Amino acid sequence: QAKAQGRDRVVSFDGEMHAAMVASVAMEHELRLALEHGGLSLAFQPIVDLETGRLRAAEALCRWTVPPCEFIPLAETTGLIVPLGAWVLEEACQTAAGWPDHVLVSVNVSSVQLRSSEFVATVAGALERSGLEASRLYLEVTESVLMTDVERTASLLRELKALGVRIAIDDFGTGHSSLQYLQQLPLDALKIPKPFVDTLEEGGQLARAILDLGRSFGLAVVAEGIETETQREALRALGCTKGQGFLFARPMSANELLSTV
Ligand code: C2E
Ligand code: MG
Ligand code: MG
Ligand code: MG
């Protein structure tokens, strides 16, 4: 009987694995169709001056019927992130080209996408076709980008900088990379991750450390996930001048954003 149970368990485990695989293959297929047939959209979340509340930039966030925390990792493992990311860049640049010149646009770039051979050309093309001034485009990369081959990453980022775009490290301090890259890479900004903003009232050591690093290296610092007035005040007291979060605005459609500028 134990044997039978064991066998049942094995069968049902296989069954679950199989079901999960079928589901992810189906989702990949749906995502590919969405990309090809206009089923994806971008939301834009305002990044504001913490002192005045004035709009400084907006982060482009990809939207589908499934949340990004599910479909972005899937797109990364299947390689679909390369055409998907190219679409995001194209769309974000076209949209931002219609904003006032002082409003920048920030686009998330996954490490798979950054390392694809055509990435620099994709960025150059999106800028050229949209007419967006390169200095108005921020590329947000995560520390995972920096974990392998700093030399290669440095030369890649230098090529991007040569176009005139700016580079931010997203979710700074949540990865496993060393701090040396702050000295080795041509960076423009660090983003304080939401968990560090959430714990501001418990001392704010992490947010403070990032702001200190930003000052030392001459980098802009943007705080993410600001939800309360208390957090905004604490950040301002620490010298943080820019941020985004539900306190100011949720991600919104391009049209909604345009009506606020
Ligand atoms: P992220 O780049 O760190 O983006 C910030 C996330 O925090 C967004 O989630 C945003 O909606 C959310 N957020 C902003 N303010 C608040 C707040 O006050 N409270 C709370 N609870 N959340 C806030 P979203 O849009 O679900 O995106 C999740 C992640 O998916 C992004 O994190 C980014 O890593 C990835 N992602 C989204 N769009 C793209 C894309 O086009 N390309 C790539 N490669 N990744 C993307
Ligand atoms: Mg981001
Ligand atoms: Mg991120
Ligand atoms: Mg982030």
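Asp-171 is partly exposed, with a relative accessible area of 26%, whereas Glu-224 is buried at 11%; buried means under 20% relative accessible area, exposed over 50%, and partly exposed in between (1.4 Å probe, protein chains only). The model is predicted, so local features need pLDDT of at least 70 and side-chain atom pairs count only at pLDDT 80 or more, while totals for chains, interfaces and linings use all residues. Side-chain values use heavy atoms, with hydrogens and water left out, residues are numbered from 1 along each chain as its sequence is written, and chains are lettered from A and ligands numbered from 1 in the order in which they are written.

Both residues meet at a metal. The magnesium ion (ligand 4) has as its protein donors Asp-170 (OD), Asp-171 (OD), Glu-224 (OE) and Glu-224 (OE), at 2.1 to 2.5 Å. Donors here are N, O and S atoms within 2.8 Å of the metal (3.2 Å for Na, K and Ca); water is not among the atoms, so sites may look incomplete. The donor residues follow the spacing D-D-x52-E in sequence. Asp-170 also coordinates the magnesium ion (ligand 2), which lies 4.1 Å from the magnesium ion (ligand 4).

Turning to the strands, E6 (residues 189-192) pairs with E7 (residues 220-223) in the parallel sense over 4 bridges, and Ala-189 stands opposite Ala-220. Strands pair if DSSP finds at least two bridges between them; helices (H or I, at least four residues) and strands (E, at least two) are DSSP runs, numbered from the N terminus. E7 also pairs with E8 (residues 242-243), again parallel, over 2 bridges.
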